[in-house]
Amino acid sequence: MPRLEDSEQALLNAGQSTKQRVKSAWDGFSDFALRDNVLEVAVGLILAAAFTTVVTSFISDILLPPFSLIPGINKNLEEKFAILRRGPHYAKGSGYNTLKQALEDGAVVLAYG
């Protein structure tokens with residue numbers, strides 16, 4: 001049976017080894033994060049997020065309202081869906097009026113609006 005002093009020494013050695021591995025990992029991460037390429041990628045991601053917001057706003061606020069005035073197009077462009085598999089309560093003549101109604105009936109839908 002190992003003595004208590006041996007167990008304490010093994011625990012201290014394990015603690016020092018873990019401390020060295022954590023310090024080494026942190027140093028490696030900080031070297032990686034402070035390189036120029038990482039900063040360029042971060043700036044690119046920020047610009048991409050801003051561009052996505054601008055495009056989304058342009059489409060939903062400027063482009064779609066006049067597009068919905070074209071005759072023959074459903075006015076509710078935000079809730080478009082296609083039925084891939086009908087639910088048990090599917091009405092043959094009218095189908096589903098809303099996406100929520102189709103989902104509640106258990107239909108499999110592809111929502112694209």
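**Notes on a predicted model**

1. Ile-59 sits in helix H2, which covers residues 36-67. The model is a predicted one. Ile-59 has a relative accessibility of 34%, so this residue counts as partly exposed; buried would require under 20%, and exposed over 50%.

2. Ile-59 also belongs to a nonpolar surface patch. The other members are Phe-51, Val-55, Phe-58, Ile-62 and Leu-63. Together, the patch residues offer about 550 Å² of accessible area.

3. Now the overall layout. The protein chain has three helices and two strands. Read from the N terminus, the order is α-α-β-α-β.

4. How much of the protein chain is buried? Of its 113 residues, 10% count as buried. The accessible surface of the chain is about 9600 Å². Carbon and sulfur atoms supply 64% of that surface.

5. Next, contacts along the chain. Take the contacts in the protein chain with a separation of 6 or more. Of these, 35% link residues 24 or more positions apart.

6. Leu-99 is worth finding on the model. It lies in helix H3, residues 99-104. Which residues does Leu-99 touch, once neighbours within four places in sequence are left aside? They are Glu-79, Phe-81, Val-109 and Ala-111. For Phe-81, the C-alpha to C-alpha distance to Leu-99 is 6.7 Å, with their positions 18 residues apart in sequence.

7. On to the aromatic rings. A pair of aromatic rings is described by the distance of the centres and the angle of the planes. The structure holds two such pairs. In one of them, Trp-26 and Phe-29 make a tilted pair, 5.8 Å centre to centre with 40° between the planes. The angle falls between the cut-offs of 30 degrees for stacked and 60 for edge-to-face, so the pair counts as tilted.

8. Where do Trp-26 and Phe-29 lie? Both are in helix H1, residues 4-33. They are three residues apart, about one turn of the helix. Trp-26 is exposed, because its relative accessible area is 56%. Phe-29 has 46% and is therefore partly exposed.

9. Tyr-90 and Tyr-96 form an aromatic pair too, and this one is edge-to-face. The centres are 5.2 Å apart and the planes meet at 65°. Is Tyr-96 buried or exposed? At 10% relative accessibility, Tyr-96 counts as buried. Tyr-90 has 24%, so it counts as partly exposed.

Conventions: Residues are numbered from 1 along each chain as its sequence is written. This is a predicted model: local features need pLDDT of at least 70, side-chain atom pairs count only at pLDDT 80 or more; totals for chains, interfaces and linings use all residues. Side-chain values use heavy atoms; hydrogens and water are left out. Helices (H or I, at least four residues) and strands (E, at least two) are DSSP runs, numbered from the N terminus. Buried means under 20% relative accessible area, exposed over 50%, partly exposed in between (1.4 Å probe, protein chains only). Contact means heavy atoms within 4.5 Å. Accessible areas come from the Shrake-Rupley method with a 1.4 Å probe; for residues, only the protein chains shown count as cover. Patches are made of residues with over 30% relative accessible area and no salt bridge: like charges are joined within 9 Å, nonpolar side chains (Val, Leu, Ile, Met, Phe, Trp, Tyr) within 5 Å. A salt bridge is a side-chain nitrogen of Lys or Arg within 4 Å of a carboxyl oxygen of Asp or Glu. Rings of Phe, Tyr and Trp (its six-membered ring) pair if their centres lie within 6.5 Å; planes under 30 degrees apart count as stacked, over 60 as edge-to-face and the rest as tilted.
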